[in-house]
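Colleague: Before we start, show me the model. I would like to learn how to read its features one at a time.

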Amino acid sequence: MQRLTRIGVLVASMCAPVLSAQDSPLILHPIDLPDIGDPAGALLTPTDERNLGRSLFLSLRESGDLLDDTLVNAYIQGLGDRLLASADSLGQRYYFFVVNEGSINAFAAPGGYIGIFTGLIEFADTEDELAAVMAHEIAHVTQRHMARTFEAAEQFSVPLAVAILSAVLLARGANSQVADAALFGGLAGSVQQKINFTRANEQEADRIGIGILGSAGFDPHYMGGFFARLERESRYYGEQAPEFLRTHPVNSNRVADALGRAEAWGKPKNPDPQVFELMRMRVQVLGSKDGRALLARLRDQKGALAPERRVAIRYGEALLLNQLAQYEEAARILESLLADDALRVPYYLARAESLLALGRADQALASLRQGMSLYPGDHTLTLALARASLSANDAEGAYRLLQAHNREGNADVDTWTLLAAAAAKSGHQVAAHEAQAEKYLLEDNRELAIQQLKQAQRAASDDYYARSRIATRLRELETAEEDDKKSRP
Ligand SMILES: [Zn+2]
């Protein structure tokens, strides 16, 4: 696994200027910390926590650090939601997202923002292993472990905290937004120390995570099992241990304790391991820099493979062939995969991609509609169908499809962006501006949202209902903007 080596070097070289000398970035045991249960600083309100997590998420997305793939993101969010359905999540919403970075890592930012690194998804052997790490991270949020870290800091502001977190989590130096580099360095060092959570925090997260796993029907033995495997396999890499081990030190007690607690839950078996195999393959393909080499490696996999693994390899081949513009062959593989198992959304999406590229738009649309007939309202299929309709010059169809989809409460940044494009192309100017405004709002850019709504208002001059709808929305935003200005020092 060359990946580990690369990341190890990256951590060692990039953390150095940020962390002080005593914070060796490759420590495998916990640092003794002062008790952070009794914060010296101010308490963070739930709104503060939400703002912090959200700003971190938005800043990672803006800097291109997140995996931009609707299917993988929907899968991770779905897996998280399954875990939360049984967890005492304190009525909070959680946002799971994928960080496009090869290190084996995951983190839980305040406010329910949980980042999973692509390296972790690739390293996981089973869905239960991945779920175990996610359950552990959910527990860090419910127990407010990271939030307490910031409460303990003497100075706190959201931009500073975001800068520190991105630097620490993605092993980067301070950026120019942070004026006082010395302050940043000091704080980043102490945050890094405290993110290397205390042994008590880690055991608490394991214990609560095991309960979350068990009640959601996953096998909680993978909590201890994953940490033990990670530690065992990382020995081969010497000093360059995976990032996750650095913040989650493993010892035999911890593993034994986790395995013991899991006993109470039995060992449920994943009823459909194929889903995870396909998603892990997709992550591997999306992250590969040399498609040809990966294709050769996949075709070279010999020996006794589990049937799900073999199917995933075929899927990976098809994705790579699409990347390499060998669409005919990709379509042929997907056809045969669908003949064996017609219930997999990823196949419909990939086949539509091949067919569109081959100029067979009608067949692409038919493939996506076939998928939609099995999974009505599916988010990824809907977006793909809208995109395909747009490229087949059916902007009106895309517009109507997305309008209906949004009415079901599915709107996210991707949907609003696509809807704005479809609306503009099909001559619905008012709706185009309104969609653009909602997209900006989701990106926390209220000023641009207000501008768009004002344009929408002008475009709606002869439509009374649209005008009053927009006026109401505009008033909401302008009031919020003024309240913000008042509360700013
Ligand atoms: Zn942890």
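**Reading the model**

Modeller: Begin with a single residue: Thr-415 counts as buried, because its relative accessibility is 0%. Keep in mind that this is a predicted model.

Colleague: Where is Thr-415 placed, and which residues is Thr-415 in contact with, leaving aside its neighbours within four places in sequence?

Modeller: Thr-415 sits in helix H21, residues 413-425. With those neighbours set aside, its contacts are His-379, Leu-383, Leu-402, His-405, Asn-406 and Asn-410.

Colleague: What does the chain as a whole come to in secondary structure?

Modeller: The chain has 24 helices and three strands. Of its 489 residues, 51% are buried. About 22500 Å² is exposed, and 50% of that is supplied by carbon and sulfur atoms. For contacts between residues at least 6 apart in sequence, 67% join residues at least 24 apart.

Colleague: How should I read the strands?

Modeller: Strands of a sheet pair through backbone hydrogen bonds, either parallel or antiparallel. Here the three strands form an open sheet in the order E1-E3-E2, with mixed pairing. Strand E1 (95-99) and strand E2 (106-109) are the edge strands, each pairing on one side only. On average, neighbouring strands of this sheet are turned by 20° against each other, direction ignored.

Colleague: How many bridges join E1 to E3, and which residue stands opposite Tyr-95?

Modeller: Five bridges join E1 to E3 (residues 113-117), and the two strands run parallel. Tyr-95 has Tyr-113 of E3 opposite.

Colleague: Which helix lies across E1 and E3?

Modeller: That is helix H3, residues 70-84, which runs at about 140° to E1.

Colleague: And salt bridges?

Modeller: Side chains of opposite charge can pair when their charged atoms come close. A search of the whole structure gives 28 salt bridges. One of them is between the side chains of Glu-329 and Arg-332, at 4.0 Å, N to O.

Colleague: Why are Glu-329 and Arg-332 separated by about one helical turn?

Modeller: Because they are three residues apart in helix H16, residues 327-340. Glu-329 is partly exposed because its relative accessibility is 27%, while Arg-332, at 53%, counts as exposed.

Colleague: Give me another pair from a helix.

Modeller: Asp-483 and Lys-486 form a salt bridge at 3.9 Å, N to O. Both are in helix H24 (residues 464-487), three residues apart, about one turn of the helix. Asp-483 is partly exposed at 43% relative accessibility, and Lys-486 is exposed at 66%. Elsewhere, salt bridges with shared partners join Arg-299, Arg-314, Glu-317, Glu-329 and Arg-332 into one network.

Colleague: Is Lys-439 buried or exposed?

Modeller: Lys-439 is buried: its relative accessibility is 14%, and the cut-off for buried is under 20%. The side chain of Lys-439 meets that of Glu-443 in a salt bridge at 3.7 Å, N to O. Glu-443 counts as partly exposed, at 26%.

Colleague: Which residues make the nonpolar surface patch of about 260 Å²?

Modeller: Leu-343, Leu-374 and Tyr-375 make that patch. Tyr-375 lies in the loop between helix H18 (361-374) and helix H19 (379-391), and is partly exposed at 30% relative accessibility.

Colleague: One last case: how far apart in space are Arg-458 and Val-430?

Modeller: Their C-alpha atoms are 8.4 Å apart, with the two positions 28 residues apart in sequence numbering. Arg-458 belongs to helix H23, residues 446-459, and counts as exposed because its relative accessibility is 61%.

Technical notes
Residues are numbered from 1 along each chain as its sequence is written. This is a predicted model: local features need pLDDT of at least 70, side-chain atom pairs count only at pLDDT 80 or more; totals for chains, interfaces and linings use all residues. Side-chain values use heavy atoms; hydrogens and water are left out. Helices (H or I, at least four residues) and strands (E, at least two) are DSSP runs, numbered from the N terminus. Buried means under 20% relative accessible area, exposed over 50%, partly exposed in between (1.4 Å probe, protein chains only). Contact means heavy atoms within 4.5 Å. Two strands pair if DSSP finds at least two bridges between them. Axes are lines fitted to C-alpha atoms, for helices over the stretch in contact, and angles run from 0 to 180 degrees between N-to-C directions. Patches are made of residues with over 30% relative accessible area and no salt bridge: like charges are joined within 9 Å, nonpolar side chains (Val, Leu, Ile, Met, Phe, Trp, Tyr) within 5 Å. Accessible areas come from the Shrake-Rupley method with a 1.4 Å probe; for residues, only the protein chains shown count as cover.
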